[in-house]
Amino acid sequence: THDSDTKTLYHVKPRLKIAGVTVAGLPYLEHADPSVKRRTGWLVPDVNFGSAYGAGLITPYFWAIAPDRDLTFRPMLTLKQGPVADVEYRQRTASGLYKVRGFGVYELSPKATSENRRLRGALKTEGDFKLNDDWDWGWNGTLTSDREFLDNYDFDSRNISQNEVYLRGLWGRNYVSAQALNFSSLSDNISNDTLPTALPYASGEHYLNQQILGGDLRFNWSVYSLMREDPDTPFTDVNHGSSQSRALANLSWKSRYIADGGMLITPFASLRSDVYVGNNVPDPTVVGGFRDKESIARVLPSGGVDVRWPFIASHDYGQSVFSPVFQFIAAGDEKKRNQIGNEDAITLNFDQSSLFLEDRFTGLDRYESGLRSNVGFTYSFLGNNGGFLKLSGGESFHFSGDNSFVKGSGLDGSKSDLVGALNFQPWDNLSLSYQLRAEVDLSAINRQEVMGSLTFDRFSMNAGYLDIAAEPAYGRLTDEKWAEADVRIGLTDGWYAFGGLRYDLENSYFLSQTAGVEFDCDCMNFKFAYSGKRDDGGSMDHRVMMSIDLATLGGTKVSAGF
């Protein structure tokens, strides 16, 4: 029965049927109709299972305090640890929104968890507000009684939380971002002493409205000051000190010309200067292996040209575009790099997507120097039926000057590794991709990735394979080699079976696996599944999950770990 005045639906003896079979029922049920967005009342309950707390029944209650604020209670009654509090307050203001969520428990069996304490809890908060059309500010933070609480009670599975207060401005092609950052461990396997606090961490980019010498002139800058208790981080081949401050300014220019015959010529130049103040930065060339507090200033000029010449051909069955690419870059040597900590340029992924970048480092603490050229090609074929083929590849050559890269990067010699990629989609239901990074003489493959997908009316499948060599100096400490696949099969009358796995070929064990069944129709979705996922400690976390989502009533789920 629908009461249009109160916007309420009343049900007498409702039954839930899946494929014609009754699986649940209630003597009575009432709820708001779909036109109601917020109303005080009970929400759909959930059931969780976890090793730290056993079974847990969650009975959420929503309190619409006012049109601009509300409070949600999500108490969880557990078998092992008693009641667990979970309360969230939200408020919208004229300029934005903020929310605060608190958790707490007085444990009945404290030894059942990794922390031998009874009173445990956490606080999470975030906010975002607009100052005007160009500027906004906000925060995001997590505070916990101990590192494992949120994960033990299935509230948050992150290993590290990023806490920040930020201010951002964006207008035209200009932006400014300023943050105060703190990183906190949410895992017993990560020490808080190795995680940094950065105050400030700011950057900006500004374009001159008028063109200079026929090109765009850009000024970008960056400032940070960070500190940590223990410089002995897990990245043993990366310089990390106990504190470091950096101020950087970079003036860059770029233009573009189209020559006769369609050749595209892009000259570019930049002048960068930076100042570093570091303490306890590792350096094997000094007595004791660590540098005392010292200041370093550098000026790093660079310039070059990018030349591309696309050739276009039309065929009865499609169109093709082939473009050879040549780059020539000259840059000053990256001086005093052993005296500077690397905080934001650790990771490096040299492949076809980064082959033609002016600087292949992912951050600003490192700088690619020397006289070098990048040579390669791109090719695309676009079929009349919507299918396509895309190829790209090439190599980098270092002629003189300081080479900023070391072994494992693929860029450390006078000739880089060969890189290439292929993307092929002959029809809408089939796609294949392949990426490669190999030694010049093809004696070894340092990285390869194969991905494929196949889709039909009642069948879909994705499969992949990754093989990548270790790069300790760039944050990848071990070789990685794994294969994965997932499949979904339509059975009959809305029923589906699905499953997937990822297998570590280096260590000969499963990283993750899942299998389940699903019923899907216009009014509801039902899933029952098993999943297993290997944690940081190497053990497998097994879990069984069931969820029901009704189109107009909402949903609930049950999750049990074992």
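**Exercise 1. Place Pro200 in the fold, then examine the peptide bond that leads into Pro200 from Leu199.**

Step 1. Pro200 sits in strand E18, which covers residues 197-207. Keep in mind as you work that this is a predicted model.

Step 2. Now look at omega for the bond from Leu199 to Pro200: the value is near 0°, and the bond is cis.

Step 3. For background, most peptide bonds are trans.

**Exercise 2. Find the sign of phi for Lys7 and for Lys13, and say where each residue lies.**

Step 1. Start with Lys7, in the loop between strand E1 (2-3) and strand E2 (8-12). Phi of Lys7 is near 55°, so this is a positive value in a residue other than glycine.

Step 2. Move on to Lys13, in the loop between E2 and strand E3 (15-18). Here phi is near 50°, again positive in a residue that is not glycine.

Step 3. A reminder helps here: most residues other than glycine have a negative phi.

Step 4. Finish with accessibility. Lys7 has 39% relative accessibility and therefore counts as partly exposed, while Lys13, at 60%, counts as exposed because the cut-off for that class is over 50%.

**Exercise 3. Is Asn174 buried or exposed, and what does its side chain reach?**

Step 1. Locate Asn174 in strand E17, residues 174-185.

Step 2. The relative accessible area of Asn174 is 14%. Buried means under 20%, so Asn174 is buried.

Step 3. Follow the side chain of Asn174 to the backbone nitrogen of Tyr207, which is reached at 2.7 Å.

**Exercise 4. Which residues gather with Glu229 in a patch of negative charge, and where does Glu229 lie?**

Step 1. On the surface, Glu229 is joined in this patch by Asp193, Asp230 and Asp232.

Step 2. Glu229 belongs to the loop between strand E19 (215-227) and strand E20 (243-255).

Step 3. Check the exposure: Glu229 has 69% relative accessibility, so this residue counts as exposed.

**Exercise 5. Which residues form a nonpolar patch on the surface with Trp63?**

Step 1. The partners of Trp63 are Ile65, Phe73 and Val87. Together, the four residues Trp63, Ile65, Phe73 and Val87 have about 310 Å² of accessible area.

Step 2. Trp63 is part of strand E9, residues 61-66.

Step 3. With 40% relative accessibility, Trp63 counts as partly exposed, because that class lies between 20% and 50%.

Note on methods: Residues numbered from 1 in each chain as written. Predicted model: local features only at pLDDT ≥ 70, side-chain atom pairs only at ≥ 80, totals over all residues. Heavy atoms only, no water. Patch = residues over 30% accessible without salt bridge, like charges linked within 9 Å, V, L, I, M, F, W, Y side chains within 5 Å. Areas by Shrake-Rupley, 256 points an atom, 1.4 Å probe, with all protein chains shown as cover. Salt bridge = Lys/Arg side-chain N within 4 Å of Asp/Glu carboxyl O. Lys, Arg positive; Asp, Glu negative; His and termini not counted. Charge placed at Lys NZ, Arg CZ, Asp CG, Glu CD. Helix = DSSP H or I, 4+ residues; strand = E, 2+ residues; numbered from the N terminus. Buried < 20%, exposed > 50% of the residue type's maximum accessible area, 1.4 Å probe, protein only. Polar contact = N/O pair within 3.5 Å; in protein donor to acceptor, adjacent residues only side chain to side chain.
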